[in-house]
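Biologist: I would like to learn how to read an annotated site and the empty space in a model. Can you take me through one?

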Amino acid sequence: MTTTETSVFSVRREGTLPAPSLPPFGQFIGGEFVASTSDATVDVVNPATEEVITQVPAGTLEDVDAAVAAAVAAKAEWAAKTPKDRSAVLLRIADIVEANRELLENLEAANTGKPSAVAEDDISSAIDTFRFSAGAARAYTALGAGDYADNHTSVVFREPVGVVGVITPWNYPLLMAVWKIAPILAAGNTLVLKPSEQTPLTTLKLAELIAGEVPAGVVNIVTGPGRVVGNRLSEHPDVDLVAITGSVGSGQKVAANAASTVKRVHLELGGKAPVVVFDDADLAAAAKGVREAGFWNGGQECGSACRVLVHESVAEKFTELLVREISEISIGAPGAGDDVEIGSMISKAHYERVLEALADVRKEGHTIAVGGNALEGPGYFIEPTVVTDVPAGAPITYTEIFGPVVSVETFSSDEEAITRANETVYGLAASVWTNDASRSLSVPRRLDFGTVWVNSHLVIANEVPWGGFKGSGYGRDLSIYALEDFSRTKHVMYNRG
């Protein structure tokens, strides 16, 4: 085993963010911020400095029940609005987010430790999601009327499901909230959303900013721990569907709780994306692609390009190129410069989990070609890391580390590459790197992942679906499929006899 003795990395801490514009304290229920039924609070920490930014309420069962009641009271009127009217609301929300872009970017960066480039991309994507959903609200349709039985005419209606419970993660707090809010509202539903207790600030700020545009009770936000707020949402009898973006374990708990009331579940869970680099690939482009997609948001990304399988004949050259790319990554605190690529881990607990995973890598005897260590000073910073000489079946090939760690293993044939890429419980995303036209068509069809890129990785557009297979869950975010997921079909048959 080899490990870098002298770090090539340092953390840029110069520069500061403006003081974040904090949302009001309280739960957002029925169109306004109200006091929680408990005095308990949760600290919200800036992970780049380890300083407490503020506190938010640790929500209770009673808070959830009040929010669900508000959503139930509002659902009939919101569902009765025309697609045109709902679309207009979503377009106004998009304009509000755009007008407050800088405020939201700074608040997101302070709460998550994200670099400016990532925070900016998050807000831009959130704006586009609202605008896409506004258009999709007016475009998605059901099967037209027709006669399928003698003397009977059938009409198929697409209806809102009702009240949707939403649980969002800490890695993209506002964007993941918007990925749910926009299509849920576009399809005519109301919702109660629980943001991660670690990163609730931009979601609460969004609620404050749009309160005058959305009818009271249509959007409700309850902060607090998952074991209380999340569990109650997923089991609540008046919640018609529960949607979560989170870990596999969290998804399993939500699905189990939802089973008690036989409600639908929408799961977007973890990933361990293979990056299959064939011998005819543009190796420099592939290495650059892994730099961009493996370390985006510090690797705290379920579609991260974190597991490279490279043909043995080009493995040495590719690894050399990859290590060179990763050695050039800039690390810094929010506000330290627009060229910073990696920020901090989200929390002390997650920082320690990633370091434990790296300790296991060392115990297993793999080569750490670059990185592999914590960085000194305040904040939860870890060096971008490349692990090589990884044998088939090693834990790092199937364990989701969710940090700035990419592993490299080799294969000898196309069949082996496909088999090993699929040998994971996850099925969210993968990429194929090849200049062979036939291979570029055939290999993606055999990979068991919801999204497969060819000669790129982690390129996402609102027009196309995002979601996985196997342990990565079911249901689709983005695209017209998201609106379909948050609606139901009803068949009405008229007797003409």
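Biologist: Where does UniProt place the feature "active site"?

Modeller: Keep in mind that this model is predicted. The unreviewed UniProt entry puts that feature at Glu 268. Glu 268 sits in strand S12, which covers residues 264-268.

Biologist: Is Glu 268 buried or exposed?

Modeller: Buried means under 20% relative accessible area. Glu 268 has 1%, so it counts as buried.

Biologist: Which residues does Glu 268 touch, leaving out those up to four places away in sequence?

Modeller: Ile 244, Thr 245, Gly 246, Cys 302, Leu 428, Trp 466, Ser 472 and Asp 477.

Biologist: Now the empty space. How many cavities of 30 Å³ or more are there?

Modeller: The general idea comes before the count. A probe the size of a water molecule, rolled over the atoms, shows where empty space is left. Here the count is two cavities of 30 Å³ or more.

Biologist: What volume does the largest cavity have, and which residues line it?

Modeller: Its volume is about 70 Å³. The lining includes Cys 302, Glu 301, Lys 272, Glu 400 and Phe 402. By class, the lining residues are five nonpolar, four polar and three charged. Cys 302 also appears among the contacts of Glu 268.

Biologist: And the second largest cavity: which helices each supply at least two residues of its lining?

Modeller: Helix H4 (116-137), helix H5 (173-186) and helix H14 (479-485) do. Among the lining residues are Phe 132, Trp 179 and Leu 483. The volume of this second largest cavity is about 30 Å³. Its lining has six nonpolar residues, four polar and no charged.

Terms used: Residues are numbered from 1 along each chain as its sequence is written. This is a predicted model: local features need pLDDT of at least 70, side-chain atom pairs count only at pLDDT 80 or more; totals for chains, interfaces and linings use all residues. Side-chain values use heavy atoms; hydrogens and water are left out. UniProt positions are given in the numbering used here, feature names are shortened, and annotations may be inferred rather than shown by experiment. Helices (H or I, at least four residues) and strands (E, at least two) are DSSP runs, numbered from the N terminus. Buried means under 20% relative accessible area, exposed over 50%, partly exposed in between (1.4 Å probe, protein chains only). Contact means heavy atoms within 4.5 Å. On a 1 Å grid over the protein atoms alone, a cavity is a set of points where a 1.4 Å probe fits but cannot get out, and a pocket is an open set with protein on both sides within 12 Å along at least five of seven lines; lining residues have an atom within 4 Å of a point. Grid points are joined across faces, edges and corners, and a volume is the space filled by probe spheres set on the points. Ala, Val, Leu, Ile, Met, Phe, Trp, Tyr, Cys and Pro count as nonpolar, Asp, Glu, Lys and Arg as charged, and the others, Gly among them, as polar.
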